[in-house]
Each structure stands twice: as C-alpha cells, then as structure tokens.
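Hi,

Here is the structure I promised to pass on. Have a look, and my notes follow below.

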Amino acid sequence: MANVLTRIGDWVNERAPNLAPTYRKHMTEYFAPKNFNLWYYFGSLALLVLVNQIVTGIFLTMNYKTSALEAFNSVEYIMRDVEWGWLIRYMHSTGASLFFVVVFLHMFRGIMYGSFKRPRELVWILGMLIFLVLMAEAFMGYVLPWGNMSFWGAKVIISLFGTIPYIGNSLVEWIMGDFLPADATLNRFFALHVIALPLVLLLLVVLHLAALHEVGSNNPDGVDVKHGPKGNRWNPEKPKDSIPFHPYYTVKDLVGVGFFLTIAAFIIFFAPTFGGWFLEHDNFTPANNLVTPSHIKPSWYFTPFYAILRMIPSYFGTAIWGVIGMFGAILLLALLPWIDKGEVRSVRYRGLGFRIALGVLVFSFLALGLVGAGVTAEVIPEWFPGADVTTWENAFGRLMVLGYFGFFVFVWIYTRFGFEKTKPVPERVTLHD
Ligand code: HEM
C-alpha cells in the first residue's frame with residue numbers, strides 16, 4: 001500500500017512539482033508561535049463552519065424551490081418529508097448563527113492581541129471584507145424560506161437604501177426588481193446566496209490566509225517571534241519559539257473541533273431555533289405582505305448594528321444618519337489599524353485605559369444587541385413599572401451607541417497623543433520553556 005502511495009505521489013510530483021512545496025510552506029513548514037491559547041481555535045472553527053454551510057447548502061438546494069409560490073412549502077417539505085432533511089436544514093440554520101459566534105470571537109481576539117496592527121493590516125482588511133460578505137450572505141439566506149420575517153426583514157433592510165438622496169427610491173426598486181420583495185427578489189437573492197457570494201467568500205478566505213502566512217501569526221503576547229532567538233529542533237533558521245503548524249496545531253485544533261461539535265450537536269438536536277434567536281417564530285408562517293409581524297427585527301447577529309440605526313434620530317427630515325452610523329460602525333472596525341497607534345500589541349501589556357475601553361466596547365456591543373433584539377423594550381416595563389419605555393430605551397441605547405463609537409475616539413486620542421502607559425513587553429513569548 002505504502003509503495004502504491006509513494007508511486008502516486010511521485011507521479012503527481014513529476015507533473016506538478018510545486019504542489020508539495022506549497023503544502024510544506026503552509027502546513028509542515030509554517031512555523032507558528034508556540035503559545036497559542038484557546039482564542040486561536042476560532043480561525044480553524046470558522047473554516048469548519050464555512051465548509052458545513054457549503055455542504056449542507058448544496059443538499060438543501062436539491063429540494064428547495066426558488067419561487068415566491070413554492071419556497072415556503074419546499075422548506076416544510078425538506079423538514080418533514082425529505083430523509084434527514086430536518087437535520088440538514090437545522091445544521092445550516094444553526095450553522096449560520098454559530099458562524100457569527102465564531103467570527104465575533106475571532107475578531108475580538110484580533111482586537112485583544114493587536115493582530116490587526118502592522119504588519120497584519122492586510123489580514124485584518126481582508127477579514128473585514130469577509131465579515132461584510134458574510135453579513136450579505138446571511139441576510140439573503142434568511143430571505144429564502146420566504147417566511148413572514150424573511151419578507152418583512154427584506155423589506156426593512158432594502159428600504160434603508162431609500163434614505164440615500166436622489167437615487168434612493170430607484171435603488172430600492174432596482175434591488176427588489178419590484179415594488180415589494182417578490183419573486184424577482186427571491187430569485188436574485190438565491191443566485192447571490194448559493195453561488196456568487198460563496199465564491200467571493202472562498203476567494204477572500206484564501207487571500208486572508210495567504211496574507212497571514214506571508215507575515216506569520218501573531219500570538220497572545222504580541223511578541224514577534226521572528227525577532228527572537230533562532231534555531232529549533234526542526235530547522236536552524238526558524239524562530240526558536242515557534243512550532244510547525246502540522247502536526248502540532250492541526251492536532252490542537254482538533255480538540256477545539258471536538259468541543260465545538262459537541263456544543264453544536266446539543267443546539268441542533270435540542271434547541272435548533274434557540275428560543276427564537278436563531279430562527280424567529282414569525283418565520284414559521286408564510287410571507288404575507290398584508291400582515292406585519294408584531295416586532296420586526298433582524299437575526300441576533302445584526303441586532304447591534306440595527307440598534308445603532310434605530311437609536312440615531314432623523315435630522316433635517318432624513319433618516320440617513322442612522323444608516324451612516326450603522327455602516328460607520330463597521331467602517332471604524334476596518335480602520336482600526338490606523339486608529340489604534342499604540343506600539344504594544346497585546347492587551348496583556350497595554351495601558352489600563354485601553355483595557356477599560358475594550359471592556360466598554362464589548363459591553364456596549366452586547367447591550368446594543370439586546371436593544372436591537374427588543375429585549376430592553378420587554379424588560380423596562382417589568383423592572384421599572386410605569387416608566388416610559390421609549391424614553392428609557394432611547395436613553396440607554398444612545399448611551400451604548402456613545403460607548404461603541406467612544407471606544408474608537410478614545411483609542412485614537414489615547415494612542416496618538418502618547419497617553420498610554422504600557423507595561424514592559426517580554427523579549428520572548430511567555431511560554432518558552
Ligand atoms: C469566514 C471567515 C473567516 C475565516 C474562515 C478565517 C480564518 C482564519 C484562520 C484559519 C486564521 C489563522 C488561525 C488563527 O489565527 O485563528 C485567521 C487569522 C486571522 N484572522 Fe481570520 N477568518 C475569518 C474571518 C475573519 C474576520 C471577520 C476578521 C476580522 C476582521 C479576521 C481577522 C483575522 C486576523 C487579524 C488573523 C491573524 C490573527 C493572529 O495572527 O493573531 N478573520 N483567520
């Protein structure tokens with residue numbers, strides 16, 4: 001058997017001599033810092049979820065019908081009559097939410113350890129492009145079952161483009177292909193969701209990893225292992241504090257995969273809609289342009305941005321400020337490498353101001369998520385009987401908007417004008433023995 005494999009290997013090598021070196025460059029000879037912690041699981045987990053979405057998506061497409069008349073029933077058919085259809089559908093819908101859980105944690109790791117800073121700005125920018133495409137992908141996917149929240153969600157989100165001066169209304173019609181979300185909308189969203197955006201996503205992920213492998217991975221200490229002592233057991237040229245990605249990190253990542261799949265299986269089997277957070281109750285009734293759901297809100301992963309949109313009031317007769325705020329919130333994240341001028345990468349050695357600001361960012365982001373999901377509107381009357389819900393919700397929500405944007409303003413001033421008092425950064429990663 002080994003002989004046959006060697007011969008196949010030689011045959012391929014002769015015809016494609018660059019394949020083996022490429023594999024070595026990215027796997028067995030990609031030397032990564034040896035102090036990766038659990039935050040470093042989320043990159044490989046994002047890859048895993050991406051593959052899950054593509055594979056389950058292919059199987060869903062085999063029975064899904066792309067038309068406003070048939071879409072809802074075809075999904076019900078998948079759920080009830082197709083063998084294992086319910087599992088495939090829940091793996092896909094739960095997978096979408098888990099994708100965002102994993103990607104949010106992956107992004108947070110990047111901010112915490114300063115992985116967006118020089119020389120990894122390109123890795124970060126490509127990551128932010130992935131994030132944008134992922135949001136478009138998830139939004140269009142949610143429209144496909146043609147439930148009532150699909151319809152009204154699409155209506156609200158597409159109508160946002162109507163706030164753009166002069167071209168807004170025509171743009172909305174152009175995107176929908178009709179005056180309301182309709183068959184034409186569903187068909188184009190299907191095309192974008194199943195082929196165009198996944199291709200872009202895959203390309204961006206390849207570029208993301210290629211860009212990372214050019215400069216090498218950061219680590220929880222934010223120390224550049226390339227500048228540390230050289231010569232390890234495998235290669236005298238390579239940094240001492242690094243280990244080959246394969247087999248060391250492939251095996252380590254498998255542990256993360258094991259934990260992740262266990263949690264994912266529990267959710268898929270016991271709470272696939274996650275109490276209405278992953279699949280909203282209103283999406284189990286067919287789209288109806290005459291019946292508005294009582295609370296139109298997007299899926300949980302959009303709610304922080306949706307809350308920013310809602311909390312910024314209209315001025316001069318236009319609601320465009322909320323739309324600018326919502327997109328600005330994402331743009332500021334993308335600009336982080338140029339906003340955060342601090343020399344020290346990892347939060348472990350950064351000033352107290354940065355640590356507090358990071359806490360405020362996380363708190364405001366989560367709180368905005370609750371505001372956008374309508375949780376605050378529900379709890380205010382219970383916790384403060386008699387209080388005016390809108391006034392209180394606006395006060396809290398706007399404070400959180402301030403907290404979110406305040407992070408970027410504070411970090412810029414804090415690092416640009418030299419206020420940050422950092423701790424001494426060690427010369428080598430802290431786990432070098
Ligand atoms: C489909 C989505 C994504 C996939 C599959 C993905 C995949 C990966 C993988 C496999 C790594 C290397 C392992 C690791 O460091 O965890 C990585 C690193 C990185 N990713 Fe992503 N990523 C995705 C989205 C994002 C997003 C949205 C951002 C942020 C905007 C981002 C920023 C980064 C950064 C800064 C690194 C380098 C981290 C370091 O060296 O400390 N990624 N990504």
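Which protein donors does the iron atom of the ligand have? They are His106 (NE2) and His208 (NE2), lying 2.0 to 2.1 Å from the iron (donors being N, O and S atoms within 2.8 Å of the metal, or 3.2 Å for Na, K and Ca; water is not among the atoms, so sites may look incomplete). The two are 102 residues apart and link distant parts of the chain, with His106 in helix α5 (residues 85-112) and His208 in helix α9 (residues 183-215); helices are DSSP runs of H or I, at least four residues, numbered from the N terminus.

The arrangement is octahedral because the 6 donor atoms subtend angles of 83 to 179 degrees (six count as octahedral if opposite donors are over 155 degrees apart and all others between 65 and 115). His106, at 18% relative accessibility, counts as buried, and so does His208 at 15% (under 20% relative accessible area, 1.4 Å probe, protein chains only).

There is also 1 cavity of 30 Å³ or more, with a volume of about 60 Å³ (points on a 1 Å grid over the protein atoms alone where a 1.4 Å probe fits but cannot get out; lining residues have an atom within 4 Å of a point). Its lining includes Phe72, Arg89 and Phe284, and helix α4 (residues 71-80) gives the largest share, 3 residues.

A word on the basis: this is a predicted model, where local features need pLDDT of at least 70 and side-chain atom pairs 80 or more, while totals for chains, interfaces and linings use all residues. Residues are numbered from 1 along each chain as its sequence is written, and side-chain values use heavy atoms, without hydrogens and water.

Cheers

Conventions. On a 1 Å grid over the protein atoms alone, a cavity is a set of points where a 1.4 Å probe fits but cannot get out, and a pocket is an open set with protein on both sides within 12 Å along at least five of seven lines; lining residues have an atom within 4 Å of a point. Grid points are joined across faces, edges and corners, and a volume is the space filled by probe spheres set on the points. Four donors count as tetrahedral if all angles lie between 85 and 135 degrees; four count as square planar and six as octahedral if opposite donors are over 155 degrees apart and all others between 65 and 115; anything else is irregular. Buried means under 20% relative accessible area, exposed over 50%, partly exposed in between (1.4 Å probe, protein chains only).
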